[in-house]
Amino acid sequence: EETGMQAYIVTIKIKSGHEDDVLRFYQSLEPLLRDAPGYHGRQIFLAKTGAMTDAVRKLYPPEDLDKKHAEPPHDDAGVQLIMIEQWDSIDERILFSRNVVAGRQKEIFPYLLPNHSHEFYEDHSPS
């Protein structure tokens with residue numbers, strides 16, 4: 001049973017070089033979201049790809065870095081985008097997706113890598 005605010009979190013990987021296209025798409029939904037029943041706001045985070053690796057490499061000498069934990073090479077690691085939305089209920093978010101976004105999703109499909117998730121989360125942060 002739902003109680004309190006519902007957090008809807010989306011993570012996607014964008015093909016490198018298409019970050020602006022995907023950001024524009026999600027930002028263009030903002031007026032529609034504001035009019036949606038039960039919507040309380042959204043944060044959109046775009047990863048600063050490589051910032052963590054660069055910081056670690058500056059801090060640790062190369063001999064301390066474990067080579068076996070290095071990410072294997074691949075064509076495009078992409079850029080991660082995370083959106084966190086707040087809704088009164090799960091049903092209100094699902095209705096928004098079905099009635100407003102469903103027909104537009106194909107606009108961003110060419111820019112996305114297959115890695116994605118979307119789910120509702122419970123907040124277990126310390127008070």
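Leaving aside its neighbours within four places in sequence, which residues is Val100 in contact with?

1. Since this is a predicted model, the points below describe computed features of that model. The question above concerns Val100, a residue whose place is in helix H4, and, once neighbours within four places in sequence are set aside, the residues in contact with Val100 are Leu32 and Leu95.

2. Is Val100 buried, exposed or partly exposed? Its relative accessible area is 28%, so Val100 is partly exposed, given that buried means under 20% and exposed means over 50%. As a distance to check in the viewer, the C-alpha atoms of Val100 and His18 are separated by 23 Å, and these two residues stand 82 residues apart along the chain.

3. The overall arrangement can be followed along the sequence, where the protein chain shows the pattern β-α-α-β-α-β-α-β, made up of four helices and four strands. The radius of gyration of the protein chain is 18 Å, well over the 14 Å that the globule rule gives for 127 residues, and the chain is therefore more spread out than a compact globule. Along its principal axes, the C-alpha trace of the protein chain spans about 55 × 40 × 20 Å.

4. Turning to the interior, the largest nonpolar core has 20 residues, and the members that touch the most other members are Ile12, Val22, Tyr26, Leu81 and Trp87. Two or more residues of this core come from each of strand S1 (6–14), helix H1 (19–28), strand S3 (79–87), helix H4 (90–101) and strand S4 (112–121).

5. Leu81 deserves a separate look, and with neighbours within four places in sequence left aside, Leu81 is in contact with Val10, Thr11, Ile12, Ile14, Val22, Leu23, Ile44, Phe45 and Leu46. Contacts between residues far apart in sequence can also be counted for the whole protein chain: of the contacts with a separation of 6 or more, 88% are accounted for by residues 24 or more positions apart.

6. Tyr8 has its place in strand S1 and is buried, because its relative accessible area is 10%, under the 20% cut-off. Apart from neighbours within four places in sequence, the residues in contact with Tyr8 are Met83, Ile84, Glu85, Trp87, Arg93, His118, Glu119 and Phe120. Although Tyr8 and Glu122 are 114 residues apart along the chain, their C-alpha atoms are separated by 9.2 Å.

7. Where does Ala36 lie? Ala36 is found in the loop between helix H2 (30–35) and strand S2 (39–46), and with a relative accessible area of 11% Ala36 is buried. Not counting residues up to four places away in sequence, Ala36 touches Trp87 and Phe96. The C-alpha atoms of Ala36 and Arg98, which are 62 residues apart along the chain, are separated by 12 Å.

8. Finally, some totals help to place these residues in the whole protein chain, in which buried residues make up 28% of the 127 residues. The accessible surface of the protein chain comes to about 9,200 Å², and 54% of that surface belongs to carbon and sulfur atoms. As for charge, the protein chain has 14 positive and 22 negative charges, and the mean positions of these two groups are 7 Å apart.

Key:
Residues are numbered from 1 along each chain as its sequence is written. This is a predicted model: local features need pLDDT of at least 70, side-chain atom pairs count only at pLDDT 80 or more; totals for chains, interfaces and linings use all residues. Side-chain values use heavy atoms; hydrogens and water are left out. A nonpolar core is a set of buried Ala, Val, Leu, Ile, Met, Phe, Trp, Tyr and Cys residues joined through side-chain atoms within 4.5 Å. Buried means under 20% relative accessible area, exposed over 50%, partly exposed in between (1.4 Å probe, protein chains only). Contact means heavy atoms within 4.5 Å. The radius of gyration is taken over C-alpha atoms; the globule rule is 2.2 Å times the number of residues to the power 0.38. Accessible areas come from the Shrake-Rupley method with a 1.4 Å probe; for residues, only the protein chains shown count as cover. Lys and Arg count as positive and Asp and Glu as negative; His and the chain ends are not counted. The place of a charge is taken as NZ of Lys, CZ of Arg, CG of Asp or CD of Glu.
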